[in-house]
Amino acid sequence: MNMAPEDEKDNLPVHIFPESNLPHVIEIIQSADKYFHLMQYSNRPLDYAKTLREWMKRIRENKKELTEEHGLDDVRRYLSGFTGFVLGFQNGIMGLSRMGFEKRGTNWSRTRG
């Protein structure tokens, strides 16, 4: 995330995941540091924007069935929320961080081959 926590509620579609709190990358790394080595890090938000666009396409293709099962309000809420996330990823407001950790310990150097 590239925004202050107080701005998240106004800029993220939290109606999809109410009461969620997305951690910042530094918070994850700092929390893990005592127990894990950070081995890999990447940020590829456009990958997830692509995934969400595919989900939205399928929601639209199956809108009738989804509306019958879950209601029009839910279908609209997810389309709207996913649109917000896509815009966030495309505009650099949000990232998609992927991290690989390895447990710290006395045998750590032996596992690194």
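On the surface of this predicted model, Tyr35, Phe36, Leu38, Tyr41 and Phe101 form a nonpolar patch whose accessible area comes to about 460 Å² together. The largest contribution is that of strand β1, residues 36–43, which supplies three residues to the nonpolar patch. Tyr35 belongs to the loop between α2 (25–32) and β1. With a relative accessible area of 48%, Tyr35 is classed as partly exposed, because the exposed class begins only over 50%.

Aromatic contacts form a second theme. A pair of aromatic rings is described by the distance of the centres and the angle of the planes. Five aromatic pairs are found in a search of the whole structure. In one of them, Tyr48 and Trp55 meet edge-to-face, at 6.0 Å centre to centre and with 80 degrees between the planes. Both partners are partly exposed: Tyr48 has 28% relative accessibility, and Trp55 has a relative accessible area of 40%.

Tyr48 also pairs with Phe89, again edge-to-face, with 5.5 Å centre to centre and 90 degrees between the planes. Tyr48 lies in helix α3 (residues 45–61) and Phe89 in helix α5 (residues 72–90), so this pair ties together parts that are 41 residues apart in sequence. Phe89 has a relative accessible area of 6% and is therefore buried, the limit for that class being under 20%, whereas Tyr48, at 28%, is partly exposed.

These contacts belong to a wider arrangement. Through ring pairs, Tyr48, Trp55 and Phe89 are linked with Tyr78 and Phe82 into a cluster.

Key. Residues numbered from 1 in each chain as written. Predicted model: local features only at pLDDT ≥ 70, side-chain atom pairs only at ≥ 80, totals over all residues. Heavy atoms only, no water. Phe/Tyr/Trp six-rings, centres within 6.5 Å; stacked < 30°, edge-to-face > 60°. Buried < 20%, exposed > 50% of the residue type's maximum accessible area, 1.4 Å probe, protein only. Helix = DSSP H or I, 4+ residues; strand = E, 2+ residues; numbered from the N terminus. Patch = residues over 30% accessible without salt bridge, like charges linked within 9 Å, V, L, I, M, F, W, Y side chains within 5 Å. Areas by Shrake-Rupley, 256 points an atom, 1.4 Å probe, with all protein chains shown as cover. Salt bridge = Lys/Arg side-chain N within 4 Å of Asp/Glu carboxyl O.
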